[in-house]
Amino acid sequence: MAETIRSVRGINDVLPDENPAWARLERVASETFATYGYDRIRTPIMEHTPLFERGVGEATDIVEKEMYTFTDRSGDSLTLRPEGTAGVVRAGVEHGLFHNATQRFWYSGPMFRHERPQKGRYRQFHQFGVEAFGQAGPDVDIEQIAMSARLFARLGITGLELQLNTLGTPEERTAYRQALQTYFSTHRDRLDSDSLDRLDRNPLRILDSKNPDLADLIADAPTLDMHLSEASRNHFDTVCAGLTALGIDYRLNPRLVRGLDYYTRTVFEWVTTDLGSQDAVCSGGRFDGLVGRLGGHSTPATGFALGSERLIQLMEAQGVPGDDVAPHAYVIAADTIPSAEVTRIAEWLRDVLPSLRLRANAGGGSFKSQFKRADRCGARLALILGEAEVEAGRIGIKPLTDAREQTTVELADAPQQVTAWLDELALD
Ligand code: ATP
Ligand code: MG
């Protein structure tokens with residue numbers, strides 16, 4: 001036998017047994033974004049490398065150590081997208097979507113980061129995200145936080161904490177950077193090599209460090225408060241008051257700076273205590289400078305991204321059921337019945353009941369083995385085509401989820417009978 005080839009480390013399959021949870025997340029997310037009038041946008045998985053260097057920021061973990069960058073056969077440097085925002089902004093600028101227009105978009109798909117794989121941290125993972133463009137006011141910040149809260153509520157996830165901070169504007173951060181540089185320079189001996197590296201280039205990012213040895217030092221670091229302009233202060237106060245008015249609890253976290261470079265003013269993160277150290281399931285905020293930085297006319301913007309794998313782990317940890325995606329019914333047929341006849345009946349049932357999930361047995365087999373396959377796929381009903389039934393223009397119906405007996409009905413009545421059975425079984 002030839003040697004088997006395994007999947008790439010940190011890049012995983014999503015097997016069919018995980019479908020119910022994924023289906024629920026995908027359904028609830030797209031329904032919730034639609035509830036707020038967001039339009040779906042689909043951008044490519046690969047972009048020119050400079051898009052992320054400029055769009056995410058040179059002095060970030062993503063650009064410094066996590067990107068999958070390669071040279072293609074034309075000699076172009078391409079990168080598998082590590083996040084969704086840069087591509088959405090590029091598409092908006094390229095197609096003129098931001099001219100005299102406000103836009104609200106959502107996206108989803110795989111993202112790629114070369115990180116150390118562990119629970120909740122993979123090299124290919126999936127995000128859902130939203131972005132709104134053209135609105136500078138705090139109402140959109142509030143809308144998006146409310147939308148994320150609604151999404152979690154609809155999913156059935158509880159116990160998340162919303163952390164909130166403001167990063168002010170780049171000008172306001174200049175003074176703050178200096179204050180941080182001074183503070184961390186006086187404690188230079190306690191910094192790790194990553195933080196030393198960030199000290200000159202982007203000292204705010206030291207606040208984002210996950211090194212537990214730095215926790216105390218970071219806790220005592222100066223905060224941005226005193227450098228905020230009145231406009232930034234008002235913006236933030238309005239966001240806080242808006243959330244309170246909607247009954248959305250939050251905790252102010254002055255250390256929340258987010259890993260990405262491009263945020264301005266509002267930043268937030270939803271965290272859980274149920275997943276261990278990979279505790280952030282959603283993060284976002286305002287990024288008024290990014291469209292300009294990527295060559296567009298200056299356009300205010302705000303967005304967030306959710307980590308699908310972490311949300312699904314959280315659903316599992318909290319016992320949230322997934323969507324039912326198993327076949328409703330499984331067609332079992334005696335091998336004396338021509339398969340064309342079985343197919344014709346199955347196709348007819350699908351014509352009449354378009355939402356019926358019907359799996360037809362293939363490859364013959366005894367009744368016993370066909371029943372086994374029906375059970376294994378999670379179907380609730382077996383539809384049985386025995387010789388006698390077919391001759392009489394009838395079909396057998398047997399619930400698989402309990403010991404109830406098989407009934408036999410006129411084929412013409414089957415759609416109505418199947419529907420009635422499924423309704424009854426769904427109530428059990
Ligand atoms: P973390 O601090 O955990 O590295 P991050 O700040 O890098 O997260 P973002 O870039 O804000 O994450 O991405 C948004 C969400 O995507 C995160 O809140 C998380 O749920 C998810 N996420 C980020 N990186 C990964 C990964 N490598 N594997 C799985 N999910 C991830
Ligand atoms: Mg990260």
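Me: How many of the residues of the chain count as buried?

Reply: In this predicted model, 51% of the 428 residues count as buried. Buried here means under 20% relative accessible area.

Me: And which side chains should I look for inside?

Reply: The general idea first: in soluble globular proteins, nonpolar side chains tend to be buried together. Now the case here. The largest nonpolar core holds 45 residues, and those touching the most other members are V89, F133, L180, F184, L191, L207 and F287. Apart from that core lies another, of 42 residues, with W22, V28, Y38 and F152 among them.

Me: Let me zoom in on one member. Which residues does F184 touch, leaving out those up to four places away in sequence?

Reply: Counted that way, F184 touches L191, L199, P203 and I206, and also L207, L217, I218 and A221. Two of these names, L191 and L207, appear beside F184 in the list of residues with the most core neighbours.

Me: What share of the contacts with a separation of 6 or more comes from residues 24 or more positions apart?

Reply: That share is 70%. For the elements behind the fold, look for 15 helices and 16 strands.

Me: How should I read the domains?

Reply: The domain assignment gives domain 1 as 16-169 + 229-317, and domain 2 as 329-427. Taken over C-alpha atoms, their centres are 46 Å apart. The C-alpha trace of the chain spans about 90 × 60 × 45 Å along its principal axes.

Me: What does the chain expose, and how are its charges placed?

Reply: About 20700 Å² is exposed, with carbon and sulfur atoms supplying 50% of it. There are 47 positive and 62 negative side chains, and the centres of the two sets lie 2 Å apart.

Note on methods:
Residues are numbered from 1 along each chain as its sequence is written. Chains are lettered from A and ligands numbered from 1 in the order in which they are written. This is a predicted model: local features need pLDDT of at least 70, side-chain atom pairs count only at pLDDT 80 or more; totals for chains, interfaces and linings use all residues. Side-chain values use heavy atoms; hydrogens and water are left out. Helices (H or I, at least four residues) and strands (E, at least two) are DSSP runs, numbered from the N terminus. Buried means under 20% relative accessible area, exposed over 50%, partly exposed in between (1.4 Å probe, protein chains only). Contact means heavy atoms within 4.5 Å. Accessible areas come from the Shrake-Rupley method with a 1.4 Å probe; for residues, only the protein chains shown count as cover. Lys and Arg count as positive and Asp and Glu as negative; His and the chain ends are not counted. The place of a charge is taken as NZ of Lys, CZ of Arg, CG of Asp or CD of Glu. Domain bounds come from an automatic or database domain assignment. A nonpolar core is a set of buried Ala, Val, Leu, Ile, Met, Phe, Trp, Tyr and Cys residues joined through side-chain atoms within 4.5 Å.
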